Amino acid sequence: MDLSALPAPTSTLLWTAFVDVGDRIDLGPSRGGHWFKVPILGGTFMGGPDHAALSGTVLGGGGDRQMLRPDGVRELCATYDMK
């Protein structure tokens with residue numbers, strides 16, 4: 001496969017969220033690292049430059065799950081419920 005034929009990666013800002021968060025919850029250690037969760041309590045979101053019509057509410061119930069690895073790197077997995 002000729003990788004030089006692949007297009008260069010690009011990115012576009014789709015939305016920005018402004019959220020209220022709860023206190024960090026310590027979920028404990030695992031084989032890969034130590035887990036935490038930061039609850040999403042609610043908020044709002046608005047579309048990026050090419051998506052101005054996109055806007056709404058961020059519902060409570062989501063969260064940012066974070067794993068702190070032994071090498072000091074923090075892996076994140078965020079879940080936002082948006083209406």
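**View 1. Proline 39, a buried residue of strand β3.** Because its relative accessibility is 17%, under the 20% that marks the limit for burial, proline 39 counts as buried in this predicted model. The residue is found in strand β3, which covers residues 34–47. Once neighbours within four places in sequence are left aside, proline 39 is in contact with Asp20, Val21, Gly22, Asp23, Ile25, Gly62 and Gly63. Glycine 61 is 22 residues away from proline 39 along the chain, and the C-alpha atoms of these two residues are separated by 6.9 Å. Buried residues such as proline 39 make up 20% of the 83 residues in the protein.

**View 2. The whole chain, shown as the setting for the close-ups.** The protein has five strands and zero helices, so that a reader who follows the sequence meets the pattern β-β-β-β-β. Its C-alpha trace spans about 45 × 40 × 15 Å along the principal axes. The radius of gyration is 17 Å, whereas a compact globule of 83 residues would have a value near 12 Å. The protein exposes about 6100 Å², and carbon and sulfur atoms supply 57% of that area. Among the contacts between residues at least 6 apart in sequence, 48% join residues that are at least 24 apart. The chain carries 7 positive and 9 negative charges, and the mean positions of these two groups are 8 Å apart.

**View 3. Phenylalanine 18 in strand β1.** Phenylalanine 18 lies in strand β1, which is made up of residues 15–21. Is this residue buried, exposed or partly exposed? Phenylalanine 18 counts as partly exposed, because its relative accessibility is 48%. With neighbours up to four places away in sequence left aside, phenylalanine 18 is in contact with Gly42, Gly43, Thr44 and Met46. One of these residues, methionine 46, is 28 residues from phenylalanine 18 along the chain, and their C-alpha atoms are separated by 8.7 Å.

**View 4. The hairpin of strands β2 and β3.** Strand β2, residues 25–29, runs antiparallel to strand β3, residues 34–47, and four bridges join the two. Together β2 and β3 form a hairpin with four residues between them. At the end of β2, which is residue 29, proline 29 has histidine 34 of β3 as its bridge partner. Within the turn, glycine 33 has a positive phi of about 160°.

**View 5. Strand β3 beside strand β4.** Strand β3 is joined by ten bridges to strand β4, residues 55–68, and these two strands run antiparallel. Which residue of β4 is the bridge partner of histidine 34? The partner is leucine 68. Histidine 34 is also the bridge partner of proline 29, so that this view can be read together with the hairpin of β2 and β3.

**View 6. The hairpin of strands β4 and β5.** Eight bridges join strand β4 to strand β5, residues 74–82, and the two strands run antiparallel. One bridge pair consists of valine 58 and methionine 82, the latter in β5. The two strands form a hairpin with five residues between them, and glycine 72, which is in the turn, has a positive phi of about 90°.

**View 7. Arginine 74 in strand β5.** Arginine 74 has its place in strand β5, and the residue counts as partly exposed because its relative accessibility is 37%. Not counting residues up to four places away in sequence, arginine 74 touches Arg24, Phe36, Gln66, Met67 and Leu68. Leu68, one of the residues touched by arginine 74, is the bridge partner of histidine 34. Serine 30 and arginine 74 are 44 residues apart in sequence, and the distance from C-alpha to C-alpha is 14 Å.

**View 8. Leucine 76, an exposed residue of strand β5.** Leucine 76 has its place in strand β5, where its relative accessibility of 61%, over the limit of 50%, is the reason why it counts as exposed. When neighbours within four places in sequence are left aside, leucine 76 is in contact with Arg65 and Gln66. Arginine 65 is eleven residues from leucine 76 in sequence, and the two are 5.8 Å apart in space, C-alpha to C-alpha. Gln66 is also among the residues that arginine 74 touches.

Definitions and conventions. Residues are numbered from 1 along each chain as its sequence is written. This is a predicted model: local features need pLDDT of at least 70, side-chain atom pairs count only at pLDDT 80 or more; totals for chains, interfaces and linings use all residues. Side-chain values use heavy atoms; hydrogens and water are left out. The radius of gyration is taken over C-alpha atoms; the globule rule is 2.2 Å times the number of residues to the power 0.38. Buried means under 20% relative accessible area, exposed over 50%, partly exposed in between (1.4 Å probe, protein chains only). Contact means heavy atoms within 4.5 Å. Accessible areas come from the Shrake-Rupley method with a 1.4 Å probe; for residues, only the protein chains shown count as cover. Lys and Arg count as positive and Asp and Glu as negative; His and the chain ends are not counted. The place of a charge is taken as NZ of Lys, CZ of Arg, CG of Asp or CD of Glu.
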